[in-house]
Amino acid sequence: MRGPAVWALLITATAGFMAALDNLVVTTALPAIREDLGGKLEDLEWTVNAYTLTFAVLLMFGAALGDRFGRRRLFIAGLTVFTGASAAAALSPGIDELIAARAVQGVGAAIMMPLTLTLLTAAVPAARRGMALGIYGAVTGLAVASGPLIGGSLTEHMSWQWIFWLNVPIGLALIPLARLRLAESSAPQSRLDVPGTLLISGGLFGIVYGLVNANAHGWTSAPVLTGLIGGAALVGWFIRHGFRSANPMLPMRLFRDRGFFGINFASLLMFVGMFGSIFLLSQYFQGVSGYSPAEAGLRMLPWTGMPMIVSPIAGILADRIGSRPVISAGLAFQATGLAWYAATLSADMSYAAQLPALILSGIGMGLYFAPASYALMATVAPADQGKASGTNSALREVGGALGIAVLASVFSAQGGYESPQAFTDGTVPALWIGAGAVAAASLFALLLPSKAKEQSRRPAAAGAAAREELVALDKAPAH
């Protein structure tokens, strides 16, 4: 690769690292944030979900904005918003201000993240594109794997504010570099689905709001019922819009393919179980086991870091036997790991006793991530691969937000922060719910096409699958 391509890879991979890191970097800092700023369980949920939710619902809209008004211009705008919101998060005097800053961070990431791949693909010659996308994927995957460890180390040795300050000098350096080194491009004929964006944003916010506040206000309280019923109605309207609109952000016709339906619902449920469990277990390591933030982040690595080892093996297996059995087995492994945790967790459980469940969950995650992108692309025609990629990425993030809301709701109904035993009492049933969600995901994965049908589409799907793998941030868990 030569000058422009190298610069494009450096700028986009660094931006992708920041956005991916902020998915998980907060998890090990939650106890410190709670101690410093106060707040209840629902406030901690919003500290994570404010970022995830805005990122999820605006992801495809951000890509469309770049196509319409200039990808470099919107990339710089998204990077500027993300950097400014990171500084605002670090300076937050209270939990409400931190939640607001995290929501704005998600807006910046939603604009910036999908455009990193478009800009990188345009700058790198076709012969070198696979290598460039591979490097980009490795960098963002490393960010996800190391997020809890980096967040824990910064929280322990400096302060939790530094998990946000870290983005500021990097963002300030990237903004002029992007202006000088990236080429502008656009697709001016593209259309923006503003009604669809408003419907799904309002619907998902209402549902998550209802779930997060259910235990504090009661399931039958007016705010909770309004959020749940109103949110569900808006999501239903969004689905109708997806069938009837000429150019919807999410064409519902794609879900008529059982494989597309299966992989997307598998992704949604997998993230429900994974994100919600990590949200609770990262706090369990500190509040119950007594580890420092850095020690907690290190002990999460057998789960969050395992995909870096397992993914290449999963890719080889998927080539030989097809993606369907590998993905379904991976989800079954992760469900078994969470069920193992739920069946054995206690207030005095040693780390050695937890290690098998962590490793099993990590192996399952690695078996899922590697072949999932190829499997997704094999379910749609080449013309629909861009929207299929954005849909799957958004559903993963939505699953993460719902997972934290649902599992934390179960946790607060059965336990709390009063003592190690109370925390454990709340975590166990929540983990069972997480295990059940991932087990259901393994069943949905069985709807994927057979090896023969998948391989007949793989040549057309290969490039788009690589791009989808990257946009998804989630090569691993979250926030």
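Thr-197 is buried in this predicted model, with a relative accessible area of 6%; the cut-off for calling a residue buried is under 20%, so Thr-197 qualifies. This threonine belongs to helix α9, which spans residues 194–217. Once its neighbours within four places in sequence are set aside, Thr-197 is in contact with Val-57, Leu-58, Phe-61 and Met-249.

A look at the whole chain helps to place this residue. Of the 479 residues in the chain, 59% are buried. The secondary structure consists of 19 helices, with zero strands. Contacts often link distant parts of the sequence: among those between residues at least 6 apart, 85% join residues at least 24 apart. On the outside, the chain exposes about 17,200 Å², and carbon and sulfur atoms supply 66% of that area.

The interior can be followed through its nonpolar cores. In soluble globular proteins, nonpolar side chains tend to be buried together. Here, the largest nonpolar core holds 138 residues. The members that touch the most other members are Phe-75, Met-270, Phe-279, Trp-303, Ile-327 and Leu-331. Helix α11, residues 258–287, provides the largest share of this core, with 16 residues. A second core, separate from that one, has six residues, among them Met-306, Val-310, Val-326 and Leu-367.

Met-270 offers a closer view of the packing. Not counting residues up to four places away in sequence, this methionine touches Leu-331, Gln-334, Met-365, Tyr-368, Phe-369, Val-438 and Ala-441. One of these partners, Leu-331, is also listed with Met-270 among the core members that touch the most others.

Helix packing comes next. Two packed helices are described by the angle between their axes and the distance between the axes. Helix α3 (residues 41–69) and helix α5 (residues 95–123) have axes that come within 6 Å and cross at roughly 30°. Angles under 35 degrees count as roughly parallel, so α3 is roughly parallel to α5. The crossing of α3 past α5 is right-handed.

The pairing of α3 with helix α4 (residues 71–90) has its own geometry: these axes come within 8 Å and cross at roughly 150°. Because angles over 145 degrees count as roughly antiparallel, α3 is roughly antiparallel to α4. On the α3 side, the contact is made by Tyr-51, Leu-65, Gly-66, Asp-67 and Phe-69. On the α4 side, Arg-71, Arg-73, Leu-74 and Phe-82 take part.

Notes. Residues numbered from 1 in each chain as written. Predicted model: local features only at pLDDT ≥ 70, side-chain atom pairs only at ≥ 80, totals over all residues. Heavy atoms only, no water. Core = buried A, V, L, I, M, F, W, Y, C linked by side-chain atoms within 4.5 Å. Buried < 20%, exposed > 50% of the residue type's maximum accessible area, 1.4 Å probe, protein only. Helix = DSSP H or I, 4+ residues; strand = E, 2+ residues; numbered from the N terminus. Contact = heavy atoms within 4.5 Å. Areas by Shrake-Rupley, 256 points an atom, 1.4 Å probe, with all protein chains shown as cover. Axes fitted to C-alpha atoms, helices over the stretch in contact; angles between N-to-C directions. Parallel < 35°, antiparallel > 145°, perpendicular 65-115°, else oblique. Left-handed = near helix turned anticlockwise from the far one by under 90°.
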